[in-house]
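Me: Could you take a close look at one strand of this predicted model for me? I'd like to know how it sits among its neighbours, and then hear about any unusual backbone angles elsewhere.

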Amino acid sequence: MADSNFIDYVKFCSRSGAGGPGSTHFRREKHVPKGGPDGGDGGRGGHIIVKGTTQVWTLLHLKYKKHVIAEAGKSGEGGRRTGADGKDIILEVPLGTIAKDAETGEKRFEITEVGQEVILTKGGRGGLGNDHFKTSTNQAPHYSQPGEEGVEEWIILELKLLADVGLVGFPNAGKSTLLSSISAARPEIGDYPFTTLVPNLGVVAYHGDQSFVMADIPGIIEGAAEGKGLGIRFLRHIERNSILLFMVPADAADIAEQYRILLGELEKYNPELLDKRRLLAISKADMLDDELVKEMEKEVPEGIPHVFISSVSQYNLDRLKDLIWQAIQEG
């Protein structure tokens with residue numbers, strides 16, 4: 001079994017820092033017998049911030065962070081000196097990460113750009129010093145504000161891979177073999193079902209400097225939307241793919257039926273997936289002669305662009321890339 005370093009879901013307690021208290025202080029200076037209030041404000045508590053980066057592509061580095069706690073702000077001081085702000089904690093996440101409230105399931109935000117920073121849990125405000133409370137009738141206030149408490153909440157970070165093309169098919173349809181044939185990705189490949197236990201990403205070079213990203217999603221079986229096989233755990237990654245490339249092996253008993261089952265599982269999970277542009281690749285076509293290909297063309301579902309391919313012999317892979325690129329451009 002593959003070492004499961006692909007972590008696409010983490011839950012942790014996020015606690016921002018409390019604001020520092022304001023200072024109650026009076027000016028003490030030689031030859032100034034009645035110095036007024038000069039207490040400074042407390043510093044802001046530290047934020048918990050989420051930042052987008054391309055340096056990580058899973059949430060593995062956050063797997064064991066059950067509590068993320070930011071620093072409290074420092075107290076204000078005399079001479080109207082403001083206390084230092086608490087140190088922010090920045091959590092770097094891959095693009096496509098969604099933050100949710102663990103209690104309600106409500107989506108907070110999504111990280112889609114490199115360098116994008118969003119405050120996840122806001123630090124408490126610092127308290128005002130007594131310098132703010134002096135008036136003509138109260139020239140020596142002996143009080144200041146305490147700092148605002150930090151916020152403690154349970155957060156879920158969920159990753160949905162950002163890829164141009166998502167491979168959809170049953171186990172052993174040849175998805176991993178295709179990805180390894182047309183990109184630099186090297187997924188584990190075997191001759192048994194569920195070889196792919198985690199999604200794999202590969203960058204596919206096209207003409208010139210052009211390229212697109214392809215995601216190999218673990219195989220779907222009938223009933224996946226109800227939790228069978230690997231269930232819906234990885235179906236969420238298909239939501240971020242602009243094009244769905246369905247793969248059905250040439251030795252399938254009924255190509256149209258397999259395509260229909262795959263389509264049905266996606267519809268049960270999220271009907272909006274059917275709005276995406278779809279392509280069909282009939283894999284393992286190196287075992288077919290021209291006459292058999294013509295005969296099998298009759299089995300192909302109507303209305304979907306398709307191509308017969310073989311990842312092992314490289315048969316029609318350039319044509320497949322042309323088909324994908326055209327679909328991306330038509331967007």
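Reply: Happy to! Let's start with strand 8, which spans residues 152–159. Of its 8 residues, 6 are buried, so strand 8 is largely enclosed by the rest of the structure. Buried here means under 20% relative accessible area.

Now for the pairing partners. Strand 1, made of residues 9–15, runs antiparallel to strand 8, and 7 bridges join the two. A handy place to find this pairing on your screen is R15, which stands opposite E152 of strand 8. Strand 8 also pairs with strand 5 (residues 97–101), again in the antiparallel sense, over 5 bridges. To locate that pairing, look for I98, which has E158 of strand 8 standing opposite. As you follow the side chains, keep in mind that in a regular strand they alternate between the two faces of the sheet.

As for the backbone angles, two loop residues deserve a visit. R80 belongs to the loop between strand 3 (67–69) and strand 4 (89–94). The phi of R80 is near 55 degrees, a positive value in a residue other than glycine. Most residues other than glycine have a negative phi. With 48% relative accessibility, R80 counts as partly exposed, because that class lies between under 20% for buried and over 50% for exposed.

The other residue is K284, in the loop that links strand 13 (277–283) and helix 3 (290–297). K284 is not a glycine either, yet its phi is positive, at about 60 degrees. Its relative accessibility is 30%, so K284 counts as partly exposed.

Note on methods: Residues are numbered from 1 along each chain as its sequence is written. This is a predicted model: local features need pLDDT of at least 70, side-chain atom pairs count only at pLDDT 80 or more; totals for chains, interfaces and linings use all residues. Side-chain values use heavy atoms; hydrogens and water are left out. Helices (H or I, at least four residues) and strands (E, at least two) are DSSP runs, numbered from the N terminus. Buried means under 20% relative accessible area, exposed over 50%, partly exposed in between (1.4 Å probe, protein chains only). Two strands pair if DSSP finds at least two bridges between them.
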